Amino acid sequence: MTTTTKPAAPATAAAPARRPGAGALALRQGRLEITQFLRSRESVVFTMGFPIIMIMIFAAIFRDEIAPGVGYTQYFITGMIATGLMTVSFQNLGIWIPIERDRGVLKRYRGTPMPKWVWFAGKVILVVAIGVAETALLLAVSVALFDLDLPDTAARWLTFGWVSVLGVTACTLCGIAISSLARTARSGSAVVTPVALVLQFISGVFFVFTNLPGWMQQVAALFPLKWMCQGLRAVFLPDSFGAHEPGGSFELGRVALVLALWCVIGLVLCLTTFRWTTRRDG
Amino acid sequence: MDDQLAISVRGLRKAYGDTVAVAGVDLDVHRGEVFALLGPNGAGKTTTVEILEGYRQRDAGEVRVLGVDPAHPDPRHRSRVGIVLQGTGEFDELTVGEVVRHFAGFYPDADDPDKVIERVGLTGKARARTHTLSGGQKRRLDVALGIIGRPELLFLDEPTTGFDPEARREFWELIRDLAAAGTTIVLTTHYLDEAEALADRVGVIAAGRLVEVAPPDRLGNRQEALATVSWRTPDGTPGTAQSATPTALVVELATRFGGEVPGLTVTRPTLEDVYLTMIGRR
């Protein structure tokens with residue numbers, strides 16, 4: 001704060017200043033969401049633990065090398081990172097927002113002067129914080145236990161960054177959008193889990209993508225997860241592996257394009273379908 | 001618009017498909033008044049109140065809440081109105097103090113969170129997670145969130161449903177305190193004694209219409225209603241008579257019995273009697 005010779009503002013003008021500014025409101029909301037998340041032990045264990053458990057299983061099953069000097073872990077870590085990011089954004093929001101809507105948490109917020117976007121900002125801060133923590137944990141475990149090679153150039157880290165940001169943004173927006181499909185608190189996971197599971201199977205998370213049937217690859221190419229995995233393969237696999245991709249290269253331009261498109265689709269769906277109250281609330 | 005009116009409603013209508021929930025309600029609530037909306041379930045109480053709160057859109061009618069059309073509430077309007085909904089929004093993993101402080105941040109001129117927690121009698125629970133609170137304590141937390149922004153107008157939707165008698169008495173004291181401080185209060189209830197204990201005026205709503213609006217002791221011309229005098233005749237059968245002049249009748253009975261009248265009672269219709277007549281249940 002700067003010092004000033006201005007006379008003290010009259011009390012009436014000073015009163016609104018007691019409310020935190022827009023940015024501070026969003027940060028408070030994010031802190032509240034993170035606090036709630038960290039205190040519910042099940043979500044912490046399952047959200048943070050799932051990708052780590054999966055990579056451990058994969059590392060135990062596939063001990064070979066996918067190519068000389070490149071272990072299977074190096075390939076599957078990309079799927080696990082992408083899955084982890086999708087879990088914290090798409091699944092987390094698609095399951096929790098219906099619960100909060102059903103409990104009336106959203107309705108209560110709507111009854112306050114909180115600007116609508118602050119609530120969304122809080123969710124985004126939550127997703128980003130857990131996403132970063134979970135990915136870091138996954139990489140640390142993989143480096144320590146399975147000899148994972150981290151990206152060795154700034155360009156690769158940069159790709160890692162933008163693929164993650166675009167992917168998480170698309171998945172967050174789609175998670176918020178799909179939350180409106182659930183009619184009750186309990187149906188959230190029934191709506192979201194099959195979608196996530198199918199996408200994981202067809203997008204090259206559990207299998208080498210190019211080993212999947214051609215039609216399956218075509219279907220997967222319509223959704224963001226496949227492109228997140230592909231973008232991350234450009235980060236963790238040698239450049240020569242690009243030749244094995246369906247398009248003959250890692251196609252980073254197309255990765256950016258499809259993920260950005262899904263951000264737009266997700267945003268439009270959010271803006272047109274989001275509900276603060278349950279259907280029976282009218 | 002009369003500045004003395006906190007709420008003004010003319011010709012309010014709302015239907016859900018073919019079901020008419022509110023069929024033409026006219027209503028004025030004065031500033032500083034405690035107004036109770038009384039009616040059976042499904043009579044249109046909650047729909048009416050949620051239109052006033054800005055949660056539901058009306059089909060027709062003029063509505064002003066603190067001079068503003070609640071169908072389009074801006075944050076400034078939200079900060080002047082406190083809402084205590086029927087369902088409790090749960091923040092299971094947060095403490096009472098955390099929730100109240102967080103909501104205080106939404107308001108331009110919020111009250112001191114510790115003071116508000118004390119006012120609703122939760123000081124001893126300020127550090128407790130909200131899921132450890134009893135039903136009555138959760139309702140107090142709801143009220144704390146409703147009044148943290150120092151509202152000019154407070155809506156309470158069936159605030160004491162599920163309370164034990166002692167908790168209700170304590171809750172009534174809290175409402176009386178708020179009313180004494182000048183807050184306009186609109187509460188819905190289906191407890192007649194609650195309306196009688198708290199309200200300056202009661203509006204009885206049945207089948208989507210406001211049947212009558214009057215102070216509780218004058219509802220249905222209760223104070224002018226005939227008194228019922230009952231006694232036991234010498235042959236043991238009960239005697240009963242309706243009378244506009246019950247004192248004269250009692251004197252006459254006393255003369256007839258030569259002193260004490262066996263089993264004598266003089267009653268006027270209770271609020272429950274007139275209420276049940278009004279909503280067509282008697």
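**Exercise 1. Arg186(A)**

Decide whether Arg186(A) is buried or exposed in this predicted model, and explain why.

*Solution.* Start with the neighbour count: Arg186(A) has 12 C-beta neighbours inside 10 Å. Next, recall the cut-off, by which a residue with 12 or fewer such neighbours is exposed. Arg186(A) therefore counts as exposed. Now place the residue in the chain: Arg186(A) sits in the loop that links helix H7 (154-178) and helix H8 (187-202) of chain A. Finally, look for a residue far off in sequence. Ile95(A) is 91 residues apart from Arg186(A) along the chain, and 8.2 Å separate their C-alpha atoms.

**Exercise 2. The two chains**

Describe chain A and chain B by their secondary structure, their dimensions, their burial and their contacts.

*Solution.* Take chain A to begin with. It has 11 helices and two strands, and in sequence order these read α-α-α-β-β-α-α-α-α-α-α-α-α. The C-alpha atoms of chain A fit a box of roughly 75 × 55 × 35 Å along the principal axes. Of its 282 residues, 40% are buried. Among contacts in chain A with a separation of 6 or more, 79% link residues 24 or more positions apart.

Then turn to chain B, which has nine helices and 12 strands. Its C-alpha trace spans about 75 × 45 × 35 Å along the principal axes. Buried residues make up 40% of the 282 residues in chain B. For chain B, residues 24 or more positions apart account for 64% of the contacts with a separation of 6 or more.

**Exercise 3. Where the chains meet**

Find how many residues of each chain take part in the contact between chain A and chain B, and which elements of chain B contribute.

*Solution.* Count the residues: 22 residues of chain B are in contact with 24 residues of chain A. On the chain B side, the elements giving two or more residues are helix H2 (75-80) and helix H3 (96-104) of chain B. H2(B) gives the most, with three residues. Sorted by class, this side of chain B holds 10 nonpolar, six polar and six charged residues.

**Exercise 4. A three-stranded sheet in chain B**

Work out the strand order of the open sheet of three strands in chain B, and say which strands stand at the edges.

*Solution.* The order is S11-S10-S12 (chain B), and the pairing is antiparallel. Strand S11 (238-243) and strand S12 (265-267) of chain B are the edge strands; each has a single partner strand, so one side of each lacks a neighbour in the sheet. Neighbouring strands are turned by 20 degrees against each other on average, direction ignored. Then look at one pair: three bridges join strand S10 (residues 227-232) of chain B to S12(B). Within S12(B), Thr267(B) stands opposite Thr228(B). To finish, add the helix: helix H8 (residues 246-257) of chain B packs on the sheet and touches S10, S11 and S12 of chain B. The direction of this helix makes about 15 degrees with that of S10(B).

**Exercise 5. The domains of chain B**

State where the domains of chain B lie, and what the side of domain 1 that touches domain 2 is made of.

*Solution.* Chain B is divided into domain 1 (5-220) and domain 2 (225-278). Taken over C-alpha atoms, the centres of these domains of chain B are 40 Å apart. Across the boundary, 10 residues of domain 1 of chain B are in contact with six residues of domain 2 of chain B. Helix H7 (192-198), strand S8 (201-206) and strand S9 (209-214) of chain B each supply at least two residues of the domain 1 side. By class, that side has seven nonpolar, one polar and two charged residues.

Terms used: Residues numbered from 1 in each chain as written. Chains lettered and ligands numbered in written order. Predicted model: local features only at pLDDT ≥ 70, side-chain atom pairs only at ≥ 80, totals over all residues. Helix = DSSP H or I, 4+ residues; strand = E, 2+ residues; numbered from the N terminus. Buried ≥ 20, exposed ≤ 12 C-beta atoms within 10 Å, placed from the backbone. Contact = placed C-beta atoms within 7 Å. Nonpolar A, V, L, I, M, F, W, Y, C, P; charged D, E, K, R; others polar. Pairing = 2+ DSSP bridges. Axes fitted to C-alpha atoms, helices over the stretch in contact; angles between N-to-C directions. Domains from an automatic or database assignment.
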